[in-house]
Amino acid sequence: MAIPEYEVFAIRYATRDAGRRDHFIGGDPHDAPMPMDYFLWVIRGEGRAIVVDTGFNAEVAAKRKRTFLRCPVEALALLNIDAADVRDVVLTHLHYDHAGNFDRFPNARFHLQEREIHYATGRYMRFPRLSHSFEVEDICGIVRLNYAQRVLFYAGDAELAPGITLHAAAGHSDGLQFVRVNTARGPVVLASDVSHFYENMASGRPFPTAFHVGEMLEGFEKLLAAAPDESHIVPGHDPLVMQLYPAPSPELENIIVRLDVPPSGPAPSRADQSSRH
Ligand SMILES: [Zn+2]
């Protein structure tokens with residue numbers, strides 16, 4: 001039987017100004033502006049929509065001084081998706097920018113790596129350096145969802161549906177996972193924070209929010225192993241994604257892009273990095 005092909009979308013819901021020095025362990029010798037976007041992703045096909053991550057809300061945006069562009073859950077309506085109809089939500093990890101708004105999906109089950117809930121409730125959370133990336137109320141909420149039998153936990157790679165697989169790639173957070181989706185252009189890898197920007201992966205320089213740097217470096221290799229090439233990998237926070245992929249319709253320009261079609265141009269890749277040196 002043929003593997004189903006899905007549509008895949010990225011919804012940009014927030015942004016922040018930042019510099020190159022903010023996005024690489026050890027900083028960056030060429031300091032220049034390098035803004036960061038915030039996304040959630042949608043996989044659509046076979047009569048349903050699967051949401052990957054749930055973003056943050058306006059209150060958390062204000063507290064953390066992020067520019068909130070739109071409520072990511074309300075933005076689902078732009079794709080004719082009602083959050084109440086969503087049955088499956090993948091949480092790549094539980095950081096504040098990926099796991100807020102879960103209460104807005106009253107009929108969903110949440111798919112999470114078990115290591116992530118242990119990490120987010122475990123001994124390392126007494127260190128602000130690590131706990132800072134979580135909102136404790138989100139974590140309490142996920143614990144409550146588990147008591148309500150609405151969380152499915154995985155210990156490593158798993159198949160969510162035919163053509164949709166989850167892949168553990170910890171390091172940035174201890175239970176981080178990415179999603180691989182079959183599309184008309186072959187597999188698309190939603191990297192989430194396994195690589196925040198194309199350049200983290202391309203240059204082998206992880207993002208500074210790190211629990212285990214060695215696992216982060218292995219994560220880049222896992223992304224590359226899961227995709228035919230780098231043009232099939234979508235980083236978690238790179239504004240270039242909005243430039244490389246088309247909007248599904250003119251009125252969604254700068255809000256939503258389609259990822260199941262090829263990018264319009266090259267992104268920073270390992271090949272550029274080696275030719276530069
Ligand atoms: Zn993130």
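**Group meeting: sheet, core and helix H6**

The open sheet here has 5 strands in the order E8-E9-E10-E11-E12, with mixed pairing; strands are DSSP runs (E, at least two residues), helices likewise (H or I, at least four), numbered from the N terminus, and two strands pair if DSSP finds at least two bridges between them. Strand E8 (158–161) and strand E12 (233–235) are the edges, each with a single partner strand, so one side of each has no neighbour in the sheet.

This is a predicted model, where local features need pLDDT of at least 70, side-chain atom pairs count only at pLDDT 80 or more, and totals for chains, interfaces and linings use all residues. Residues are numbered from 1 along each chain as its sequence is written, and side-chain values use heavy atoms, without hydrogens and water.

Within the sheet, E10 (residues 177–183) and E11 (residues 186–192) run antiparallel, joined by 5 bridges. Val181 stands opposite Val188 in E11.

Next, the core. A nonpolar core is a set of buried Ala, Val, Leu, Ile, Met, Phe, Trp, Tyr and Cys residues joined through side-chain atoms within 4.5 Å; buried means under 20% relative accessible area, exposed over 50%, partly exposed in between (1.4 Å probe, protein chains only). The largest one has 36 residues, and Val42, Leu76, Leu94, Phe105 and Ile142 touch the most other members. Among the elements giving it two or more residues are strand E1 (7–16), strand E2 (36–45) and helix H6 (136–147).

Last, H6. Its buried residues are Asp138, Ile139, Gly141, Ile142 and Leu145. On the other side of H6, Val136, Glu137, Arg144 and Tyr147 are exposed. After H6 comes Gln149, with a positive phi near 60°.
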